[in-house]
Amino acid sequence: MKKFILSLFVLASFGFYVISQNSSNSSNNFIVQTPIDSPNNTNTTPKNSKSVAIIPTIPVVKKPPSNPPNDSNQNNQSPTPPVIISPPPKKVGLYNDGTYVGNSVDAYYGNVQVKAVISNGKLSDIVFLDYPRDRGHSIQINNYALPILKQEAIQSQSANVNTVSGATDSSGAFMDSLASALAQAKA
Amino acid sequence: MIIKIEIADKNIDEKIFDKIFSYFEKIDKRFSVYKENSEISKINREELSENEWGSEMKEVFGLAEKTKKETNGFFDIRKPDGKYDPSGIVKGWAIRQAANIFKKEGYKNFYVEAGGDIEACGRNHKDKPWQIGIRNPFKTNEIVKKLSIKNRGVATSGIYARGEHIYNPKNPSEKIKDIVSLTVIGPNVYEADRFATACFAMGKNGIYFLESLPGLEGYMIDQNGIATFTSGFEKYLI
């Protein structure tokens, strides 16, 4: 339950941040971070291209007087989920329902712009209106920001098929068989 | 490379087999970098100027350039040593041409396979879509998935069979290690093959690039035996 409230707050804070960007002239607060490498890989990304993810973080912003912060929440550069320190109190119905378009923000590899959807006073959706897509390495960014794909452990199936697609054909087996035949054929 | 053909149509004229096999022989003679006197080897030795190239060679190079642009350089037939190896696109392209020969002769239910890439048209002898397995990269005599394919192309890029013969053109010295196999299903085997090659070079990101392309589905297997697949892939499962 705690986790749920925490994640709700993360989303709500992000939405709040987006809304505050609308009314403020503050500059880019998006942080470009390197993605989390999976524990059993050391360096899976090519050296001369940049794999980055754009992750909304809890920013340092001017908060409206009705919601006095009691901390200076610093943007965290490490690749862990945003950590909230002493969150300001959450009020139901803090936001007005509607859709709010954030600023177009320079994320170095291109611009990012999001739209926040508020329903019943809460952030219900975040929509990407713009994201870096016109440079080679930006494709890697988009891939991190886009949908989560299904995964499974591979499992052997019974081989009732017409044929098999593989990285090569069965030429490994073919060559072995041919080699053994030729070995017998050797005078 | 082994060429495999199966025809389910009732009336088969045996001449079609010779036609198809001769076609592939011709392709091999022209495009094989392992043949000293192939057109591509002559080009790589700079013995042919571009206006001396045959029309098929020009066509393949044109398609390769187009694919390079569409994949932001992840598909590139020019290798680190400066020589050209168009095999990542020729295979699918040639299989599709071969399938067109079949269709011209009136065949409707058949598949053509070369080097693990397949163009499957119509239905098999049991009047079902062609049943195509995905090879287990860790145990090549096993399959890990069964696909139901009708009028589609299937191509697999991988590194298990002959060592790491695919690399990232953007960083040639770095071998692709995080994924071992990527199978692509496309509207035809030419599309499936070129994107299988390009997306495999992208490593783990390739499946996400594939997800963004309409009409193409994929099944990627990483070095831990975990598969990731695109959102429309499951419609091809039996």
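How many bridges join strand 8 of chain A to strand 4 of chain B, and do these strands run parallel or antiparallel? In this model, which I should say at the outset is a predicted one, three bridges join strand 8 of chain A to strand 4, residues 130-135, of chain B, and the two strands run parallel. Within that pairing, Ser165(A) stands opposite Ile134(B).

The two strands belong to an open sheet of three strands in the order 8(A)-4(B)-5(B), where the pairing is mixed. Strand 8 of chain A, residues 163-165, and strand 5 of chain B, residues 143-149, are at the edges with a single partner strand each, so one side of each has no neighbour in the sheet. On average, and ignoring direction, neighbouring strands here are turned by 35° against each other.

Let me move on to the nonpolar cores. The largest has 39 residues, and those touching the most other members are Leu147(B), Ile149(B), Leu182(B), Leu210(B) and Tyr219(B); helix 5 of chain B, residues 189-201, gives the largest share of this core, with six residues. A second, separate core of 35 residues includes Trp93(B) and Phe110(B).

Finally, the aromatic pairs, of which the structure holds 10 over all chains. The rings of Trp53(B) and Phe61(B) have centres 4.5 Å apart and planes at 55°, so this pair is tilted, and together with Tyr84(B) these residues form one aromatic cluster. The rings of Tyr219(B) and Phe233(B), by contrast, are stacked, because their planes stand at 25°, with centres 5.0 Å apart. Tyr219(B) lies in strand 8 of chain B and Phe233(B) in the segment after strand 9 of that chain, so the pair ties together parts that are 14 residues apart in sequence.

Key:
Residues numbered from 1 in each chain as written. Chains lettered and ligands numbered in written order. Predicted model: local features only at pLDDT ≥ 70, side-chain atom pairs only at ≥ 80, totals over all residues. Heavy atoms only, no water. Core = buried A, V, L, I, M, F, W, Y, C linked by side-chain atoms within 4.5 Å. Buried < 20%, exposed > 50% of the residue type's maximum accessible area, 1.4 Å probe, protein only. Helix = DSSP H or I, 4+ residues; strand = E, 2+ residues; numbered from the N terminus. Pairing = 2+ DSSP bridges. Axes fitted to C-alpha atoms, helices over the stretch in contact; angles between N-to-C directions. Phe/Tyr/Trp six-rings, centres within 6.5 Å; stacked < 30°, edge-to-face > 60°.
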